[in-house]
Amino acid sequence: MPRLRAGRVILQFGDGGLILLAPSVEAAVARFLSDAEIRLEAGGIFVGSHRGPHVEITACTTPLPRDVRRPTLFDRRDPGHSAAALEAWTRSGGTETFVGEWHTHPVDDPMPSGLDRRTWASIMGRVPDPVVFLIAGRRSVWCAHGWRGELRRAAVLDGE
Ligand SMILES: [Zn+2]
C-alpha cells in the first residue's frame, strides 16, 4: 500500500476532492497485505466524516468471525461492521458514520471484479452520501469515490 509522510494516505478524485486516510487506517489495511494474510481476501468498512466535497476516514473495521474469507472473495457478513458504524455515529453525535468499504485482492495491482461493482452499486443505492471504495493489493490500491451510482476514480497524491 502506498505510504505518505506521517503514514497518512491522501487520494484525489474529480476536481480536487480529497479522500484522507488516517495512519491507523492505512496500518490496519496494510496488515492484511502480508504474505500470510493476502492468501485470503480481507475487508471491512470505513468510518469517518464528510467535509465539504472531501471524505476523511478516521477508522476502519477488519475481518470479524462471521465474515467469509476466501482466496478470491471477501463477504462482509458479520453484523459487527454495521454495529461499529452505528457506535461511531452515536458516540460522535452524528458526525462520524459509514463512509465506505475496503477489501484486499491477492495481486500486485488490483482491479474491481464484476461482483465488486455490483456490490458497490447496491451500497450507493442505499447510502445517500458519498462513499469510498478501496481495493488494496501488494503494490497499489484501486480507489473510487462513489455517489448517486457514479464512481469517480481516485489517485494517490504525492507518490509513495
Ligand atoms: Zn474484489
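This passage walks through the metal site, an aromatic cluster and a strand pairing in a predicted model.

Start with the annotation. UniProt, in an unreviewed entry, lists residues 36-138 as "domain: JAB". Over that stretch the chain comes out at 24% helix and 35% strand, and its end C-alpha atoms sit 12 Å apart.

Next up is the zinc ion. Its donors are NE2 of H103, NE2 of H105 and, listed twice, an OD atom of D116, at 2.0 to 2.5 Å. Along the chain these donors follow the spacing H-x1-H-x10-D. H103 belongs to strand β7 (residues 97-104) and D116 to helix α3 (residues 114-126), so this pair ties together parts that are 13 residues apart in sequence. As for geometry, the angles among the four donor atoms run from 56 to 160°. A tetrahedral label would need all angles between 85 and 135 degrees, and the site is classed as irregular. Both H103 and D116 are buried.

Helix α3 also carries W120, which brings in the aromatic side chains. There are three aromatic pairs in the structure. One of them is W120 with F133, a stacked pair with 4.9 Å centre to centre and 15° between the planes. F133 is in strand β8 (residues 131-136) while W120 is in helix α3, so the contact ties together parts 13 residues apart in sequence. Both W120 and F133 are buried. W120 has another partner in W142: their ring centres are 5.6 Å apart and their planes at 20°, so this pair is stacked as well. Here the link is between distant parts of the chain, with W120 in helix α3 and W142 in strand β9, 22 residues apart. W142 is buried, as is W120. Put together, W120, F133 and W142 make up one aromatic cluster.

Strand β9 (residues 141-147) then leads into the strand pairing. It runs antiparallel to β10, and five bridges join the two; within this pairing, G146 stands opposite L151. The two strands form a hairpin with two residues between them. β10 (residues 150-156) is also joined to strand β1 (residues 9-13), again antiparallel, through three bridges. In that pairing Q12 is opposite A155 of β10.

The hairpin turn has one backbone oddity. Most residues other than glycine have a negative phi. R148, in the loop between β9 and β10, has a positive phi of about 50° although it is not a glycine. R148 is exposed, with a relative accessible area of 67%.

Key
Residues are numbered from 1 along each chain as its sequence is written. This is a predicted model: local features need pLDDT of at least 70, side-chain atom pairs count only at pLDDT 80 or more; totals for chains, interfaces and linings use all residues. Side-chain values use heavy atoms; hydrogens and water are left out. Two strands pair if DSSP finds at least two bridges between them. Helices (H or I, at least four residues) and strands (E, at least two) are DSSP runs, numbered from the N terminus. Donors are N, O and S atoms within 2.8 Å of the metal (3.2 Å for Na, K and Ca); water is not among the atoms, so sites may look incomplete. Four donors count as tetrahedral if all angles lie between 85 and 135 degrees; four count as square planar and six as octahedral if opposite donors are over 155 degrees apart and all others between 65 and 115; anything else is irregular. Buried means under 20% relative accessible area, exposed over 50%, partly exposed in between (1.4 Å probe, protein chains only). UniProt positions are given in the numbering used here, feature names are shortened, and annotations may be inferred rather than shown by experiment. Rings of Phe, Tyr and Trp (its six-membered ring) pair if their centres lie within 6.5 Å; planes under 30 degrees apart count as stacked, over 60 as edge-to-face and the rest as tilted.
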